[in-house]
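This report considers selected backbone features and helix contacts of one protein chain. The sequence and the structure are shown first.

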Amino acid sequence: MTFLEPDSVVPQANSTAGVNQRARVLAHGHQALNALPRTILELGSIFARNGSELALVGGPVRDAFLDRPIHDFDFTTSAMPEETIRLLNLWGDAVWDIGKDFGTIGAAKSGFTVEVTTYRSEKYDPASRKPEVRYGDSLEGDLTRRDFTVNAMAVRLPSLELVDPCGGLTDLIAGVLRTPAAATQSFSDDPLRIMRAARFAAQLGFDVTEDVLMAMEELADRLHIVSAERVQAELTRLITAPAPRRGIELLVYTGVADIVLPEVANLRNLVDEHGRHKDVYEHTLTVLDQAIALETGADGPVPRPDFLLRFAALMHDVGKPATRKFEKNGTVSFYNHDLVGARLTAKRMKALRFDKQSVKDVSRLVEMHLRFHGYGEQKWSDSAVRRYVADAGALYERLNRLTRADSTTQNKRKARWLQAAMDDLEQRVKELKEQEEIDAIRPEIDGREIMDILGLQPGPAVGKARAFMLNLRIEEGVLGREEAIRRLQQWWSEQN
């Protein structure tokens, strides 16, 4: 069984480079599609024997040509949902119909999970992005309703015939995002596609066509009808994509960021025509790039892609517009922009319905991103190092990377000095870890023991005593149990 290429696929250009690019893309597609698991091909045979069409569609087909791993097996079919359920029961170990109202049935077999959706032809209510589901009568019709041409390709099973009515393969070879229908109509029907354009630009490294660019700008306000959770999901995928800067720049340029990330969009207003401070917007994008470069492999402390580090890098200076002050001596200050930025970050993430822990972690990184400053000028005491580690907690490795990434100076001598100071701090932490459990600094006497020693009942006094013991542990290190008890009793006596 061999993948069949349609005659309509044309080279990107007559240049040698264009022909070679086309050949590489087609070779990737041939290899990936001819290597589809036997279990998946078997599903196509079952549908065909029962008189129904089945085609692999969308992302899996696109990724096959891009030489990317195929993680999802999404199909479209001529069969109605009830018939799809019957056929999937002939194939799978488990079948579920949770998406039946939208024509989607799921199934699993031998570790493979599939979703099969009946051909659709949708009509949209202008007040909502949710379509009125109507079943279509052809694969080509189903494909033309999709978001971008590169996602509007399908491969019929089991014949492996490529169906590409919108020229998606040509656009994929050219590296562009284009909509099957007019971009203004597509984005008006489903405004979330505006966010998906930016996400795919970051994920695939593609450019958008001019009409897509103009439609994003013209219809950005339509995003107000999209739920915050949907916007958040697309933004998260954008931030964790291989090239998030590309997507962020597209959001800002088109004005979409004014709606979904106004704090980042506002950084453009900090351009100082007199050159008294750096371009904060460009600095932020550079910090984002540098933070990504500092992520680790799967076995490291900050495995790539790390949303918390990346989003903190993007938001770390959003407090600057509200705190910029031109001093009398000609300098510019941004006092407390870290604290203001942390509050703005938390507010934006809550509005986008991020989970509480992510809100807490990212805003904490923004709040602490200046904590390291001053270390190189006056070497910290051991207690200051302990407090830095204790305050950073589980974010320690991310905070260090954010701090390093925040250095964008063009002065090579200053850059080397800052990196050397950070190296020194990390070495200090490593040495303290070898001497004591600095990663998990706790009072040497816990709350229950404090109550026993001081004869207290649970209440605020116990919390104050524990806070005193924790501070003592940070300031003076390990004292030993007897000395810790003596100091606790002495403190309690002084309190009373």
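Where is the place of proline 158? In this predicted model, proline 158 sits in the loop between strand S8 (154-157) and strand S9 (161-163).

**Cis peptide bonds**

The bond that leads from leucine 157 into proline 158 is cis, its omega being near 5 degrees. A cis peptide bond also joins arginine 304 and proline 305, where omega is about -5 degrees. Proline 305 belongs to the loop between helix H14 (280-293) and H15.

**Positive phi values**

Two residues are listed here with their phi angles, locations and accessibilities.

| Residue | Phi | Loop | Relative accessible area |
|---|---|---|---|
| Asparagine 336 | near 65 degrees | between strand S13 (332-333) and H17 | 48% |
| Arginine 353 | about 65 degrees | between H17 and H18 | 48% |

Asparagine 336 is a residue other than glycine, yet its phi is positive. Arginine 353 likewise has a positive phi although it is not a glycine. Asparagine 336 counts as partly exposed because its relative accessible area is 48%, a value between the limits of 20% and 50%. For arginine 353, the relative accessible area is 48%, and this residue is therefore partly exposed.

**Helix H18 and its surroundings**

Beyond the loop that holds arginine 353, helix H18 covers residues 356-368. H18 has 13 residues, and the distance from its first C-alpha to its last is 18 Å, close to the 18 Å expected at 1.5 Å a residue. Which residues of H18 are buried? They are Ser358, Val359, Asp361, Val362, Ser363, Leu365, Val366 and Met368. The cover over the buried residues of H18 includes helix H15 (307-315), helix H17 (337-351), helix H19 (382-392) and helix H20 (396-405).

**The pair H23 and H24**

Helix H23 (residues 460-476) and helix H24 (residues 481-495) have axes that come within 11 Å and cross at roughly 130 degrees. The two helices are therefore oblique to each other, since this angle lies neither in the range of 65 to 115 degrees nor over 145. The crossing of H23 past H24 is right-handed. On the H23 side, the contact is made by Ala461, Lys464, Ala465, Phe468, Met469, Leu472 and Glu476. H24 contributes Ala484, Arg487, Leu488, Trp491 and Trp492. By class, the residues of this contact comprise 9 nonpolar, no polar and 3 charged. An α-helix has 3.6 residues a turn, so residues three or four places apart point the same way.

Methods: Residues are numbered from 1 along each chain as its sequence is written. This is a predicted model: local features need pLDDT of at least 70, side-chain atom pairs count only at pLDDT 80 or more; totals for chains, interfaces and linings use all residues. Side-chain values use heavy atoms; hydrogens and water are left out. Helices (H or I, at least four residues) and strands (E, at least two) are DSSP runs, numbered from the N terminus. The expected span of a helix is 1.5 Å times one less than its number of residues. Buried means under 20% relative accessible area, exposed over 50%, partly exposed in between (1.4 Å probe, protein chains only). Contact means heavy atoms within 4.5 Å. Axes are lines fitted to C-alpha atoms, for helices over the stretch in contact, and angles run from 0 to 180 degrees between N-to-C directions. Angles under 35 degrees count as roughly parallel, over 145 as roughly antiparallel, 65 to 115 as roughly perpendicular and the rest as oblique. A crossing is left-handed if the near helix is turned anticlockwise from the far one by less than a right angle, and right-handed if clockwise. Ala, Val, Leu, Ile, Met, Phe, Trp, Tyr, Cys and Pro count as nonpolar, Asp, Glu, Lys and Arg as charged, and the others, Gly among them, as polar.
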